[in-house]
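Got your viewer open? Load up the model, get your selection tool ready, and we'll walk through it stop by stop.

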Amino acid sequence: MQKERIHCLIWLSLTLLSFGCQKKTPPSSPPEAQFITIAPTNVPIFEEWIGTLDGFVNAQIRAQVTGYLQKQDYREGSEVMKDDLMFEIDPRPFQAVLEQAQAKLAMDQAQAGRTELDVKRYIPLAKEQAISEQELDNAVQANLAAAAQVQADEANVTNALLNLGFTKIKSPVDGIAGTALAQIGDLVGQSGNVLTTVSTLNPIKVYFQVSEQSYLTFWRRFVSGGETNDFPLQLLLSDGSIYHENGRFFYADRQVNPNTGTLQIFGLFSNADFVLRPGQYGRVRAQTHVETNALVVPQRAVAELQGTYQVSVIGETNQIRVQSVNVGDQVGNGWIIKSGLKAGDRVVVEGTQKAKEGTVVTPKPYTTNSNSPAAAGRSGPQ
């Protein structure tokens, strides 16, 4: 019994000693939350529309006379200048017609000369009554008819010269020539198909549709107010890049489309290197107005739930308050807050998962290397 008692005392002493050596766990610190202090700023608001590129001029090259295609004088896809030779039609039939017309003209000119001499000879004879007045009248009328025939022959010669010239098909504009749609030896003519198309690409035209609401809210500022030079256009290409030169407003269509409620707008972009081609699609972006004294928060700070938007605000005691807000335009990576916040509020950007209602947090200023959300444009209605 004595040994058992000693063992119990030893075990109890060791147990108490082990409890005495354990460290006390310190209380956990509040979770960290990074915040921004919002302040009013002026934010440029952009709208975007789907645009289609088209040649400033798209000249369809057609044959103006009927004949067999003899030669192609241009390289497909190359730049051509106005009056550059593109196709040639066999000129021999037209050369023959020209020579016939010239011969007919020469014959009728000789006939007109003879009738003119008759008139000059008959006038003094008629005065001496050596011939009748009727003979003189006949000579005068024959001379007039011969002169008219000469005029008709001259017109035929001019027409034959034109047709002979039309055998050399030339470009009517400067631009890029397309694929030849006719082959050497084809019979071509006025009623035939297009031979090719030449498109003027510098400048190049872009057209897009704006809503009637957009027209009513801002378009009159630029069109009716004569400020079209202050309305630059940006072009976002299909690979996401922005075209290196701004465009400008060209003109607006005469009416709003009653079926779609949109107005077609045309812009021009410089295209000296011919990067832009007809048929390309892109997004046309323009600054429509400036939102003054706007409160902007990063998009990641806004939580959306069933159509409602909420942000987490750090109060004076570092306690979280979940605040419902009304959002406006999206600008880059941020939202414009219409209501629900005021200047000076501290909005949680990082650590929103831990920032529950009533939670006390350790606030730290949010730092980022990205651009301010107010610096980018929003995507407007298509």
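Start by selecting aspartate 83, which sits in the loop between strand 4 (79-80) and strand 5. This is a predicted model, so treat everything you click on as a prediction. Now check the backbone angle: aspartate 83 has a positive phi of about 75°, although it is not a glycine. Most residues other than glycine have a negative phi. That makes this loop a good place to practise reading backbone angles.

**Next stop: an open sheet**

From the loop, move on to strand 5, residues 85-89. What is the order of the four strands in this open sheet? Reading across, it goes 6-5-3-8, and the pairing is antiparallel. Strands of a sheet pair through backbone hydrogen bonds, so switch those on if your viewer can draw them.

Colour strand 6 (168-170) and strand 8 (187-188): these two stand at the edges. Each has a single partner strand, so one side of each is left without a neighbour in the sheet. Strand 5 and strand 6 pair in the antiparallel sense over three bridges. To see a spot where they face each other, select glutamate 88 and look across to lysine 168 in strand 6.

**Two helices side by side**

Now highlight helix 2 (residues 92-127) and helix 3 (residues 133-165). Their axes come within 8 Å and cross at roughly 160°. Are they roughly parallel or antiparallel to each other? An angle over 145 degrees counts as roughly antiparallel, and helix 2 and helix 3 are therefore roughly antiparallel. Their crossing is left-handed. If you colour the contact between helix 2 and helix 3 by residue class, you'll find 21 nonpolar, nine polar and eight charged residues.

**Strand 9 and its partners**

Select strand 9, residues 196-211. Which strands does it pair with? Strand 2, for one: 10 bridges join strand 2 to strand 9, and the two run antiparallel. Click isoleucine 61 and you'll see threonine 196 of strand 9 standing opposite.

Add strand 7 (residues 175-177), which pairs with strand 9 in the antiparallel sense over two bridges. Here, alanine 177 has valine 198 in strand 9 as its bridge partner. Then add strand 12 (residues 262-269): eight bridges join it to strand 9, again running antiparallel. Phenylalanine 208 has its bridge partner, isoleucine 265, in strand 12.

While you're in strand 9, stop at proline 203. The peptide bond leading from asparagine 202 to proline 203 is cis, with omega near 5°. Most peptide bonds are trans.

**Ring hunting**

Show the aromatic side chains. There are eight aromatic pairs to find. Take tryptophan 49 and phenylalanine 208: their ring centres are 5.2 Å apart and their planes are at 20°, so the pair is stacked. This pair links distant parts of the chain, with tryptophan 49 in strand 2 (residues 41-61) and phenylalanine 208 in strand 9, 159 residues apart. Both tryptophan 49 and phenylalanine 208 are buried.

For another pair, select phenylalanine 56 and phenylalanine 250, which are tilted, with 5.8 Å from centre to centre and 45° between the planes. Phenylalanine 56 lies in strand 2 and phenylalanine 250 in strand 11 (residues 248-256), 194 residues apart. Are these two buried or partly exposed? Phenylalanine 56 counts as partly exposed at 32% relative accessibility, and phenylalanine 250 is partly exposed with a relative accessible area of 32%. Widen the selection to Phe56, Tyr207, Phe250, Tyr251 and Phe266, and you have one aromatic cluster.

**A glycine in strand 2**

Glycine 55 is also worth a click, and you'll find it in strand 2. Its relative accessibility is 2%, so it counts as buried. Try your distance tool between glycine 55 and glycine 175: the two are 120 residues apart in sequence and 8.9 Å apart in space, C-alpha to C-alpha.

**Last stop: another loop**

Finish at asparagine 318, in the loop between strand 15 (308-314) and strand 16 (320-331). Asparagine 318 has a positive phi of about 60° although it is not a glycine. With 25% relative accessibility, asparagine 318 counts as partly exposed.

Definitions and conventions:
Residues numbered from 1 in each chain as written. Predicted model: local features only at pLDDT ≥ 70, side-chain atom pairs only at ≥ 80, totals over all residues. Heavy atoms only, no water. Pairing = 2+ DSSP bridges. Axes fitted to C-alpha atoms, helices over the stretch in contact; angles between N-to-C directions. Parallel < 35°, antiparallel > 145°, perpendicular 65-115°, else oblique. Left-handed = near helix turned anticlockwise from the far one by under 90°. Nonpolar A, V, L, I, M, F, W, Y, C, P; charged D, E, K, R; others polar. Phe/Tyr/Trp six-rings, centres within 6.5 Å; stacked < 30°, edge-to-face > 60°. Buried < 20%, exposed > 50% of the residue type's maximum accessible area, 1.4 Å probe, protein only.
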